[in-house]
Amino acid sequence: LVPLNLPGYAVGGLSGGEDKANFWRCVDASLELLPENKPRYVMGVGYPVDIVVCVALGADMFDCVYPTRTARFGTAMVSSGLLKLRSRSFANDMRPIEAGCDCATCKRYTRAYLHTIVTREPVASSLVSVHNVRYMMRLMEQIREAIENNRFEAFVQQFMRKQFPRVRANDDYAVPYEKMEEDGRAPVWVREALAKAGIALKS
Ligand SMILES: [Zn+2]
């Protein structure tokens, strides 16, 4: 396919339940064979952690149902992980899903309100979807901005520190996407993949 000089290339067949150690190695091996000056699209990825890792390995584009599907189960995506809005922790939480988020849901609704309607009113799925899609757009905006300003490595380190904090603040009710190492560090596959991309996570 490379000699055909196509306008872009997709890497597919992943995110089908393979383990993460194989996942990142397949992405890495595929991207290495594809031209850097063409859009390289990794299909069906994924969680924000997976996307940041794949960008580090050279991917440019992604697609995934996760932000809207998980919204239907009342789960909101934030910089420190996931908020399961059905949890009673949010019953009296008057903050927006994520402070500083400019989405229509965060401007108008509190976590407590969303908690109240999340299993009762179908509109809750739409409200949380609006936030989750905006979260993904902001994530990609931040990635592009970091790459353009030559500070992608620092961005990745900060992103992972937020996703996998040593200690969570008492009022941070987020849960992680990935099982953390016992000492709170990012999972081994994340650290191995980023090391391959030349990015060390400060432990
Ligand atoms: Zn929001």
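This is a short talk on a zinc site, some aromatic pairs and a few single residues in one structure.

Hi everyone, thanks for having me. Before anything else, please keep in mind that this is a predicted model.

Let me start with the metal. Which atoms hold the zinc ion? Three of the donors are sulfurs, SG of Cys101, Cys103 and Cys106, and ND1 of His131 joins them, with distances of 2.1 to 2.3 Å. For those of you who like to check geometry, the angles among the four donor atoms run from 101 to 120 degrees, and the site is tetrahedral. Read along the chain, the donors are spaced as C-x1-C-x2-C-x24-H. One pair of donors links distant parts of the chain: Cys106 sits in helix 4, residues 104-108, while His131 sits in helix 6, residues 123-148, and 25 residues separate the two.

Are these two residues buried or exposed? Cys106 has a relative accessibility of 9%, so Cys106 counts as buried. His131 has a relative accessible area of 0%, and therefore His131 is buried too.

Now stay with helix 6 for a moment, as Arg138 is also found there. Its relative accessibility is 14%, so this arginine counts as buried. If we set aside the neighbours within four places in sequence, Arg138 is in contact with Glu98, Cys101, Asp102 and His131. Two of those names should be familiar by now: Cys101 and His131 are zinc donors.

There is another histidine I'd like to show you, His115, which is placed in helix 5, residues 111-117. With a relative accessible area of 17%, under the 20% limit, His115 is buried. What does its side chain reach? The answer is the backbone oxygen of Arg86, at 3.4 Å. Again leaving out neighbours within four places in sequence, the contacts of His115 are Leu85, Arg86, Ser87, Arg88, Phe90 and Ala91.

On to the rings. How many aromatic pairs does the structure hold? There are eight. One of them is Phe23 with Trp189, an edge-to-face pair with 6.2 Å from centre to centre and 80 degrees between the planes. Phe23 belongs to helix 1, residues 20-33, and Trp189 to helix 8, residues 188-196, so this pair ties together parts of the chain that are 166 residues apart in sequence. Both Phe23 and Trp189 are buried.

For a second geometry, look at Tyr109 and Tyr113. Their ring centres are 5.2 Å apart and their planes meet at 20 degrees, which means that the pair is stacked. Here the relative accessible areas are 27% for Tyr109 and 38% for Tyr113, so Tyr109 is partly exposed and Tyr113 is partly exposed. There is also an aromatic cluster, made up of Tyr47, Tyr66 and Tyr177.

Phe23 deserves one more look, for its charged companion. Lys20 lies over the face of Phe23, at 5.2 Å from the ring centre.

My last stop is Ala154, in helix 7, residues 152-163. At a relative accessible area of 42%, Ala154 is partly exposed. How far is its C-alpha atom from that of Ala200? The separation is 9.8 Å, and the two residues are 46 residues apart along the chain.

That's my tour, and I'm happy to take questions.

Definitions and conventions
Residues are numbered from 1 along each chain as its sequence is written. This is a predicted model: local features need pLDDT of at least 70, side-chain atom pairs count only at pLDDT 80 or more; totals for chains, interfaces and linings use all residues. Side-chain values use heavy atoms; hydrogens and water are left out. Helices (H or I, at least four residues) and strands (E, at least two) are DSSP runs, numbered from the N terminus. Buried means under 20% relative accessible area, exposed over 50%, partly exposed in between (1.4 Å probe, protein chains only). A polar contact is a pair of N or O atoms within 3.5 Å; within protein, one must be able to donate a hydrogen and the other to accept it, and residues adjacent in sequence count only if both atoms are side-chain atoms. Contact means heavy atoms within 4.5 Å. Donors are N, O and S atoms within 2.8 Å of the metal (3.2 Å for Na, K and Ca); water is not among the atoms, so sites may look incomplete. Four donors count as tetrahedral if all angles lie between 85 and 135 degrees; four count as square planar and six as octahedral if opposite donors are over 155 degrees apart and all others between 65 and 115; anything else is irregular. Rings of Phe, Tyr and Trp (its six-membered ring) pair if their centres lie within 6.5 Å; planes under 30 degrees apart count as stacked, over 60 as edge-to-face and the rest as tilted. A charge sits over a ring if NZ of Lys or CZ of Arg is within 6 Å of the ring centre and within 35 degrees of the ring normal.
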